[in-house]
Amino acid sequence: MIRSEKTEYLRTLYNFSCGYCGVTEADTGGYLTRDHFKPLTKGGRNSIDNMVYSCAHCNQSKGDYFSDDHQERLLHPLHDNLAEHLHRDEDGFYHPSSTLGAVYVRVMNLSRTPYKCST
Ligand SMILES: [Zn+2]
């Protein structure tokens with residue numbers, strides 16, 4: 001697949017929103033970025049099944065984080081049920097409800113001010 005095909009595939013797969021925090025293209029006013037779930041620097045592959053459609057905030061917060069440890073691993077938006085590990089309050093803040101949820105909130109810096117749609 002060429003680059004734009006990958007992006008289009010991810011946009012559809014993630015319903016035009018960030019896999020990590022849920023912010024949408026409409027919220028940010030443009031395309032989101034592609035994150036390598038397992039960073040290339042940690043041996044991750046540059047393939048579609050290692051990519052998560054991600055907003056710039058999440059991509060930056062995550063950086064090159066990766067862990068195989070079952071207590072420290074990052075939840076995957078498609079392979080894990082995020083709702084089992086964290087919940088979102090009415091103001092848009094995420095709160096962990098498990099150990100892995102806490103890792104997720106910490107790594108993704110989800111205690112940041114939630115993205116507010118400006119329009
Ligand atoms: Zn995000």
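Where does Asn109 lie relative to helix 4? Asn109 is found in the segment after helix 4, which spans residues 99-107. Before going further, a word on what you are looking at. This is a predicted model, in which local features need pLDDT of at least 70, side-chain atom pairs count only at pLDDT 80 or more, and totals for chains, interfaces and linings use all residues. Residues are numbered from 1 along each chain as its sequence is written.

## The overall fold

The chain has four helices and four strands, where helices (H or I, at least four residues) and strands (E, at least two) are DSSP runs, numbered from the N terminus. Along the sequence these elements follow the pattern α-α-β-β-α-β-β-α. The radius of gyration is 14 Å, close to the 14 Å that the globule rule gives for 119 residues, so the chain is as compact as a globular protein of that length. Here the radius of gyration is taken over C-alpha atoms, and the rule is 2.2 Å times the number of residues to the power 0.38. Along the principal axes, the C-alpha atoms fill a box of roughly 40 × 40 × 20 Å.

Of the 119 residues, 28% are buried. A residue counts as buried if 20 or more other C-beta atoms lie within 10 Å of its own, as exposed if 12 or fewer do, and as partly exposed in between, with C-beta atoms placed from the backbone. Contacts (C-beta atoms, placed from the backbone, within 7 Å) can also be sorted by separation. Among those with a separation of 6 or more, 47% join residues 24 or more positions apart.

## The core and its hubs

The largest nonpolar core has 23 residues, and those with the most contacts inside it are Cys18, Cys21, Tyr104 and Met108. Such a core is a set of buried Ala, Val, Leu, Ile, Met, Phe, Trp, Tyr and Cys residues joined through C-beta atoms within 7 Å. Helix 4 gives this core its largest share, four residues. In soluble globular proteins, nonpolar side chains tend to be buried together.

Cys21 sits in the loop between helix 1 (3-13) and helix 2 (25-28). Leaving aside neighbours within four places in sequence, Cys21 is in contact with Cys55, Cys58, Met108 and Leu110. Cys21 and Met108 are 87 residues apart along the chain, yet their C-alpha atoms are separated by 8.4 Å. Met108, not counting residues up to four places away, touches Tyr20, Cys21, Cys58, Ser61 and Lys62.

## Strand 2 and helix 4

Strand 1 (residues 33-36) and strand 2 run antiparallel and are joined by four bridges; strands pair if DSSP finds at least two bridges between them. One bridge partner in strand 2 is Met51, which pairs with His36. Both faces of strand 2 are covered: Met51 and Tyr53 are buried on one side, Val52 and Ser54 on the other.

Helix 4 has a one-sided arrangement. Its buried residues are Leu100, Gly101, Val103, Tyr104 and Val107. Seen down the axis of helix 4, they fall within an arc of 160°, so they line one face of the helix; the arc is that of the directions from the helix axis to the C-beta atoms. These buried residues pack against helix 3 (56-62), strand 3 (86-88) and strand 4 (94-96).

## Loops and unusual backbone angles

Most residues other than glycine have a negative phi. Asn109, just after helix 4, takes a positive phi of about 55°. Asn15 also has a positive phi of about 55° although it is not a glycine, and Asn15 is found in the loop between helix 1 and helix 2.

Leu74 and Leu78 share a setting: Leu74 is in the loop between helix 3 and strand 3, and Leu78 is placed in the loop between helix 3 and strand 3 too. Beyond its sequence neighbours within four places, Leu74 is in contact with Tyr65, Phe66, Ser67, Val103, Tyr104 and Val107. The C-alpha atoms of Leu78 and Leu13, 65 residues apart along the chain, are separated by 9.4 Å.

The table gathers the burial of the residues discussed here.

| Residue | Other C-beta atoms within 10 Å | Class |
|---|---|---|
| Cys21 | 23 C-beta atoms | buried |
| Leu74 | 20 C-beta atoms | buried |
| Asn109 | 14 C-beta atoms | partly exposed |
| Asn15 | 12 C-beta atoms | exposed |
| Leu78 | 12 C-beta atoms | exposed |

Terms used
Contact = placed C-beta atoms within 7 Å.
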